[in-house]
Amino acid sequence: MSALLLDTAPLRSSPEYRRLWVGLTLAGVGSQLGVTAVALQVYDLTGSSFAVGLVGLVSFVPLVVLGLYGGALVDAHDRRRVVVLSSGALLIASVLIAGQAWLDVGSVGLLLGLVALQSAAFAVNSPARTAIIPMLVPAEQLPAANALGTLSMNLGVTVGPLVGGLLVGSVGFGPAYTIDVVTLLVALATVLSLPPLPPVGGARRAGLASVLEGLRLLKGWRNVRMTFLLDICAMVLSQPRALFPAVGAVLIGGGATTAGVLASSVAVGSVLASLVSGPLGRVHRHGVAIAVSVAAWGAAIVAFGLVLLLAAPSSSGAAGSVTTTAVPWTSWHLWGACAALAAAGAADAVSSVFRQTVLQSAAPDWARGRLQGVFIVVVAGGPRLGDLVAGADADALGEALAAVVGGVACVLAVVVLMAWQRGFLRYDARDPVP
């Protein structure tokens, strides 16, 4: 039985990794709470799923630019220093977002601008944190460390949206954003305790040439590139989170609380998959595992959309309102939607573990920061672009049909990519080739 459970060896063997993991978990809770509150606030101000999707667009642009350059910074400077400085920038952005809520400014433009600032700081912070992990744990513990990282991320996505929805529905936006500020303060304290972590193999000068070198590496490193393309299939074509405010306000009812429950359901599935991730360390065909899990994500999003198609518009919610707290807990539509999203989350957890392991084990340390920059552009930027796609589709087709179309597109894209790059299905972790 113990072989099925999460492998916690990295937490036991490395105090530095343990501190990094604790800080990352706390920051993830606050960050996802903030993401949920921003989506709800924008929908509350506009009543439009497309406007919620615009949050993804304004996050995506700085994430791409700073994510790529941030990766070059990670390969050029002490990684602890990069994490500390970017964590401070994240904290400032979160304080400003909380301030606009407490002052009741009511400006969508200002909120979007602050989200862009926050995204820029995150784009530097995330690849630095991830590039540190192989410096803190031995190579044989990387799958376990990445399973723990997936658990950390999904604890944030579970607790953050649920608490965010409850806080917004009961006491407003200001308290929700303030929790984000507090968690970032604690997370900053944990990274300050790490030792200096200069890049192995000599620092490279950060700049455009370094960024372009990192991108050129992907031209020849087909397996690493394929992990990025497959994640784009899931996160851009079938990302459902921009639909949640409207689903709560119009289709199922329950407003902000329902939106938070739906967002948390994805992470609940991921957490459950992470808790029984022990056997993943014995899987060697990582390419097959990634392709199957991404296709399973798309199929689960199709199921989510089909549940919504059967749901009549709620009488307890009105378009444009996210403050309704009368959640229809007895509705099978709510629980069916949650189950489909939990299945999607479980598939994404498996995909995440193997995609991160391929990158960390196949790529050399001297290029890891820049590739982690590309990784964060894909992993964090993809969902933001997916928000825009889902929001636009929802305005044109309705939220339910938008989910079905997106899930089908994801599955078809996986089939096309595997037909094009069949060598990825032969990738073996015992002989990692980038």
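# Reading a helical chain: a dialogue

Author: In this predicted model, residues 24 or more positions apart account for 89% of the contacts in the chain that have a separation of 6 or more.

Reader: Before we turn to single residues, how many helices and how many strands does the secondary structure of the chain come to?

Author: The chain comes to 15 helices and 0 strands. Of its 434 residues, 60% count as buried, and the chain exposes about 16,000 Å², with carbon and sulfur atoms supplying 70% of that area.

Reader: How should I read a nonpolar core, and which residues have the most contacts inside the largest one?

Author: A nonpolar core is a set of buried nonpolar residues joined through side-chain atoms within 4.5 Å. The largest core here has 103 residues, and those with the most contacts inside it are Tyr17, Tyr177, Leu230, Trp297 and Phe304. Leaving aside neighbours within four places in sequence, Phe304 is in contact with Pro240, Leu243, Phe244, Ala337, Ala340, Leu341 and Ala403. Another core, of 5 residues, lies apart from the largest one, and Trp221, Val224, Phe228 and Leu359 are among its members.

Reader: Phe244 appears among those contacts of Phe304, so to speak as a way into helix H10; how many of the residues of H10 are buried?

Author: Helix H10, which spans 244-251, is mostly covered, since 7 of its 8 residues are buried. The buried ones are Phe244, Pro245, Ala246, Val247, Gly248, Ala249 and Leu251. Just after H10, Gly253 takes a positive phi of about 95°.

Reader: How should I read a salt bridge, and how many does the structure hold?

Author: The general idea is that side chains of opposite charge can pair when their charged atoms come close. The structure holds 2 salt bridges. In one of them, the side chains of Asp231 and Arg355 meet with N and O 3.2 Å apart. This pair links distant parts of the chain, with Asp231 in helix H9 (residues 222-237) and Arg355 in helix H13 (residues 332-362), 124 residues apart.

Reader: Are Asp231 and Arg355 buried or exposed?

Author: Asp231 counts as buried because its relative accessibility is 2%, and Arg355 is likewise buried, with a relative accessible area of 3%. The cut-off behind both readings is that buried means under 20% relative accessible area.

Reader: Which residue forms a salt bridge with Asp387, and where in the chain do the two partners lie?

Author: Asp387 forms a salt bridge with Arg241, and their closest N and O atoms are 3.0 Å apart. Asp387 lies in helix H14 (residues 365-397), while Arg241 lies in the loop between H9 and helix H10, so the pair ties together parts that are 146 residues apart in sequence. Asp387 is buried, with a relative accessible area of 7%, whereas Arg241, at 24% relative accessibility, counts as partly exposed.

Reader: Helix H14 also holds Leu385; which residues does Leu385 touch?

Author: Not counting residues up to four places away in sequence, Leu385 touches Gly56, Phe60 and Val236. Leu385 and Val61 are 324 residues apart in sequence, and their C-alpha atoms are 9.3 Å apart in space. With a relative accessible area of 24%, Leu385 is partly exposed.

Reader: Turning to the surface, which residues make the nonpolar patch?

Author: To be counted in such a patch, a residue needs over 30% relative accessible area. Here a nonpolar surface patch of about 360 Å² is made by Val22, Leu26, Val182, Leu185 and Val186. The elements giving two or more residues to this patch are helix H2 (15-46) and helix H7 (173-192), and H7 gives the most, with 3 residues. Leu185, which is placed in helix H7, counts as partly exposed because its relative accessibility is 45%.

Reader: How does the reach of H2 from its first C-alpha to its last stand beside the expected value?

Author: H2 has 32 residues and reaches 47 Å, which is close to the 46 Å expected at 1.5 Å a residue. Just after H2, Gly47 takes a positive phi of about 70°.

Reader: Which value does phi take in Asp104, a residue other than glycine, and where is Asp104 placed?

Author: Phi of Asp104 is near 55°, a positive value. Asp104 is placed in the loop between helix H4 (79-102) and helix H5 (108-136), and Asp104 counts as exposed because its relative accessibility is 64%.

Notes: Residues are numbered from 1 along each chain as its sequence is written. This is a predicted model: local features need pLDDT of at least 70, side-chain atom pairs count only at pLDDT 80 or more; totals for chains, interfaces and linings use all residues. Side-chain values use heavy atoms; hydrogens and water are left out. Patches are made of residues with over 30% relative accessible area and no salt bridge: like charges are joined within 9 Å, nonpolar side chains (Val, Leu, Ile, Met, Phe, Trp, Tyr) within 5 Å. Accessible areas come from the Shrake-Rupley method with a 1.4 Å probe; for residues, only the protein chains shown count as cover. A salt bridge is a side-chain nitrogen of Lys or Arg within 4 Å of a carboxyl oxygen of Asp or Glu. Helices (H or I, at least four residues) and strands (E, at least two) are DSSP runs, numbered from the N terminus. Buried means under 20% relative accessible area, exposed over 50%, partly exposed in between (1.4 Å probe, protein chains only). The expected span of a helix is 1.5 Å times one less than its number of residues. Contact means heavy atoms within 4.5 Å.
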